[in-house]
Amino acid sequence: MMCIEETNLHESREEMESLVLDDSSNGQSHSGAKLVLNHDDPLRSSSSSFMDPQNPNSNSISILSSHASFNAFLDPPSYAEAIFTSFDSSSNGHDQIPLFSSSNSNPRSSDFLQISVSDPQKEQELSNSLVPGGTTYYTYLITTRTNLPEFGGSGSEFSVRRRFKDVVTLSDRLSESYRGFFIPLRPDKSVVESQVMAKQEFVEQRRVSLEKYLRRLAAHPVIRRSEELRVFLEAKGKLPLPKSVDVASRVIDGAARLPRQLLGEEAIDVNEAAQPAKGGRDLLRMFRELKQAVSNDWSSVKPVVVEEDKWFLEKKEKLMEFEQELSNVSQQAESLVKAQQDMGETIGELGLVFVKLTKFETEEAVFDSQRERAGDMKNVATAAVKSSRLYRELNGQTVKHLEKLHEYLGIMLAVNNAFSDRSSALLTVQTLSSDLASLHLKIEKLEAASAKIFGGDRSRLRRIEELKETVRATEDAKICAEREYERIKENIRSELERHDKERHDDFMSMLRGFVVNQAGYAEKMANVWETLAEETNAYVKDGS
């Protein structure tokens with residue numbers, strides 16, 4: 001039964017798309033309208049395009065555009081200028097969607113960094129393949145136009161080819177170098193989708209997602225000027241950024257280092273010790289930080305260093321509440337889009353029913369009253385089909401505006417990552433502080449035991465000197481870790497201030513556009529039905 005209903009629905013859509021409305025009265029009167037049901041219209045596939053809520057890259061609808069008189073009823077409503085102004089496109093025809101409002105992100109409004117991704121090409125993997133020619137991948141042409149001095153100044157334009165693996169490397173390097181910043185999340189690898197979707201469809205979807213990602217990086221006031229992004233966009237040939245090491249290799253390396261660390265045979269790297277122990281390369285540090293985390297949660301002993309920034313804690317709590325409310329609003333926005341789509345389809349199907357009824361009445365008409373009734377039905381059908389198409393166009397514009405909600409859900413993931421950087425940096429400081437306390441306690445015990453022996457215990461004295469050297473290295477590492485923690489705190493503070501301002505601007509723009517769209521298309525649809533109501537006034541007069 002479900003299959004039969006879906007088949008009928010698709011047939012109804014095809015019939016409605018093939019309708020040709022010739023409205024000689026410029027959409028103000030239906031008395032002269034001609035509604036023709038044409039199943040074999042050769043223009044249907046090439047000239048008919050509806051606004052698809054799943055494809056918000058299209059800004060208008062065009063149905064049988066060769067019929068100029070029909071398009072007259074789609075003249076913009078009185079709000080139309082405001083409706084369409086906000087959807088500017090870049091020079092390559094794809095909508096630019098920055099992480100935040102780019103006008104606010106740029107320190108100077110004249111600065112620009114435009115990135116486009118195009119021309120996907122299939123290439124052969126030259127290494128790491130057991131079967132010659134057995135591994136293939138796609139590269140994408142990344143074109144940059146900018147006037148930023150970091151890229152050579154005014155009029156700079158250049159192109160490079162990159163594969164998805166290069167984007168992963170860029171993302172990893174940015175995450176390491178810019179801890180505490182709200183760095184846009186890169187697209188997922190989407191292994192399942194690459195196997196399920198048609199190849200060309202998947203490649204195009206990835207091209208679009210990569211372009212959005214790079215444009216969001218370009219819109220960030222700090223990342224856009226980073227050396228990592230500049231190298232990614234400019235360097236010809238193989239990407240010179242250090243590649244990410246897979247987790248298995250890091251764990252193997254960490255396991256090899258662990259015995260030397262336990263025996264104290266490996267010197268402490270101050271810079272490495274100041275960074276969070278993750279990824280498996282330093283298993284001993286991971287165990288210590290895990291122990292510290294458990295102690296923070298369950299021990300009654302308060303850590304030496306704790307999070308005491310009330311401003312940050314309040315901001316974090318409010319953002320967590322905002323994220324929950326944003327998720328709820330996003331779900332309701334999806335429901336609204338679905339309801340508008342259903343409404344448009346239902347009205348369109350009603351129009352089709354009246355088309356068929358009009359045809360029946362016309363063919364079977366004997367009296368003039370029957371022919372007049374057929375003409376009235378034709379007007380109702382015309383109004384229903386017009387309203388259906390307007391609903392489709394409205395829905396596309398609704399998606400464009402309310403998509404900002406989905407974008408901010410992605411932004412909240414970046415915010416949470418920055419908060420995780422802060423928590424991780426604090427845990428590193430706490431762990432190093434605990435290590436120092438433990439080392440000082442060991443030294444005190446050894447000194448006390450050595451003092452009981454006349455002349456001292458040489459082995460204990462040697463061990464004390466070794467521990468003191470470890471203390472000095474650990475103190476240096478703690479100083480570096482504290483600096484890193486303070487740097488991350490300052491980064492987050494500046495990002496939160498920027499986020500507050502740009503969220504206000506983005507949401508005001510979104511709501512204004514959404515309201516104007518709803519008002520504009522409601523006015524246009526009201527005009528369609530008001531015209532029909534005027535034409536049916538004769539029934540009221542006849543009944544009085």
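**Exercise 1. Salt bridges in the whole structure**

Task: State how many salt bridges a search of the whole structure finds, and describe the one that joins Asp119 and Arg161.

Solution.
- Step 1. The structure is a predicted model. A search of all of it finds 26 salt bridges.
- Step 2. One of the salt bridges is formed by the side chains of Asp119 and Arg161, with an N to O distance of 2.5 Å.
- Step 3. Asp119 belongs to strand S5 (residues 113–124) and Arg161 to strand S7 (residues 156–163), so the bridge ties together parts that are 42 residues apart in sequence.
- Step 4. Asp119 has a relative accessibility of 37% and counts as partly exposed. Arg161, at 25%, is partly exposed.
- Step 5. The general background is that side chains of opposite charge can pair when their charged atoms come close.

**Exercise 2. The backbone at Asp119**

Task: Find what is notable about phi of Asp119.

Solution.
- Step 1. Asp119 is placed in strand S5.
- Step 2. Phi of Asp119 is near 50 degrees, which is a positive value in a residue other than glycine.
- Step 3. For comparison, most residues other than glycine have a negative phi.

**Exercise 3. Salt bridges within helices**

Task: For the pairs Glu176 with Arg173 and Glu227 with Arg230, give the distance and the place in the helix.

Solution.
- Step 1. In the salt bridge of Glu176 with Arg173, the closest N and O atoms are 2.8 Å apart.
- Step 2. Both residues are in helix H6 (residues 164–177); because they are three residues apart, about one helical turn separates Glu176 from Arg173.
- Step 3. The cut-off for buried is under 20% relative accessible area. Arg173, at 10%, therefore counts as buried.
- Step 4. In the salt bridge of Glu227 with Arg230, the closest N and O atoms are 2.4 Å apart.
- Step 5. Helix H9 (residues 227–234) holds both Glu227 and Arg230, three residues apart, about one turn of the helix.
- Step 6. Glu227 is partly exposed at 45% relative accessibility, and Arg230 is partly exposed at 22%.
- Step 7. Elsewhere in the search, Glu204, Arg207, Glu211 and Arg215 are joined into one network by salt bridges that share partners.

**Exercise 4. Helices H6 and H9**

Task: Work out whether H6 and H9 are roughly parallel or roughly antiparallel, and list the residues that meet.

Solution.
- Step 1. Two packed helices are described by the angle between their axes and the distance between the axes.
- Step 2. The axes of H6 and H9 cross at roughly 165 degrees and come within 9 Å.
- Step 3. Angles over 145 degrees count as roughly antiparallel. H6 and H9 are therefore roughly antiparallel to each other.
- Step 4. The crossing of H6 with H9 is right-handed.
- Step 5. From H6, Asp166, Val167, Leu170, Arg173, Leu174 and Ser177 take part; from H9, Glu228, Leu229 and Phe232.
- Step 6. The residues of this contact between H6 and H9 are five nonpolar, one polar and three charged.

**Exercise 5. Helices H13 and H15**

Task: Describe how H13 packs with H15, and which residues make the contact.

Solution.
- Step 1. H13 and helix H15 (residues 458–535) pack at an angle of about 20 degrees, and their axes are 13 Å apart.
- Step 2. Angles under 35 degrees count as roughly parallel. H13 and H15 are therefore roughly parallel to each other.
- Step 3. H13 and H15 cross in a left-handed way.
- Step 4. H13 contributes Trp311, Phe312, Lys315, Leu319, Phe322, Leu326, Leu336, Gln340 and Ile347, while H15 contributes Ile492, Arg493, Leu496, His499, Asp500, Arg503, Phe507, Phe514, Gln518 and Trp529.
- Step 5. By class, the residues of the contact of H13 with H15 are twelve nonpolar, three polar and four charged.

**Exercise 6. The surroundings of Ser330**

Task: Decide whether Ser330 is buried or exposed, and name the residues that Ser330 touches.

Solution.
- Step 1. Ser330 is located in helix H13 (residues 310–364).
- Step 2. The relative accessible area of Ser330 is 4%, so Ser330 is buried.
- Step 3. Leaving out residues up to four places away in sequence, Ser330 touches Leu405, His406 and Leu409.
- Step 4. Ser330 and His406 are 76 residues apart along the chain, and their C-alpha atoms are separated by 6.5 Å.

**Exercise 7. The protein chain as a whole**

Task: Give the number of helices and strands, the share of buried residues and the share of contacts that join residues at least 24 apart.

Solution.
- Step 1. There are 16 helices and seven strands in the protein chain.
- Step 2. Of the 544 residues in the protein chain, 41% are buried.
- Step 3. Among contacts between residues at least 6 apart in sequence, 75% join residues at least 24 apart.

Terms used:
Residues are numbered from 1 along each chain as its sequence is written. This is a predicted model: local features need pLDDT of at least 70, side-chain atom pairs count only at pLDDT 80 or more; totals for chains, interfaces and linings use all residues. Side-chain values use heavy atoms; hydrogens and water are left out. A salt bridge is a side-chain nitrogen of Lys or Arg within 4 Å of a carboxyl oxygen of Asp or Glu. Helices (H or I, at least four residues) and strands (E, at least two) are DSSP runs, numbered from the N terminus. Buried means under 20% relative accessible area, exposed over 50%, partly exposed in between (1.4 Å probe, protein chains only). Axes are lines fitted to C-alpha atoms, for helices over the stretch in contact, and angles run from 0 to 180 degrees between N-to-C directions. Angles under 35 degrees count as roughly parallel, over 145 as roughly antiparallel, 65 to 115 as roughly perpendicular and the rest as oblique. A crossing is left-handed if the near helix is turned anticlockwise from the far one by less than a right angle, and right-handed if clockwise. Contact means heavy atoms within 4.5 Å. Ala, Val, Leu, Ile, Met, Phe, Trp, Tyr, Cys and Pro count as nonpolar, Asp, Glu, Lys and Arg as charged, and the others, Gly among them, as polar.
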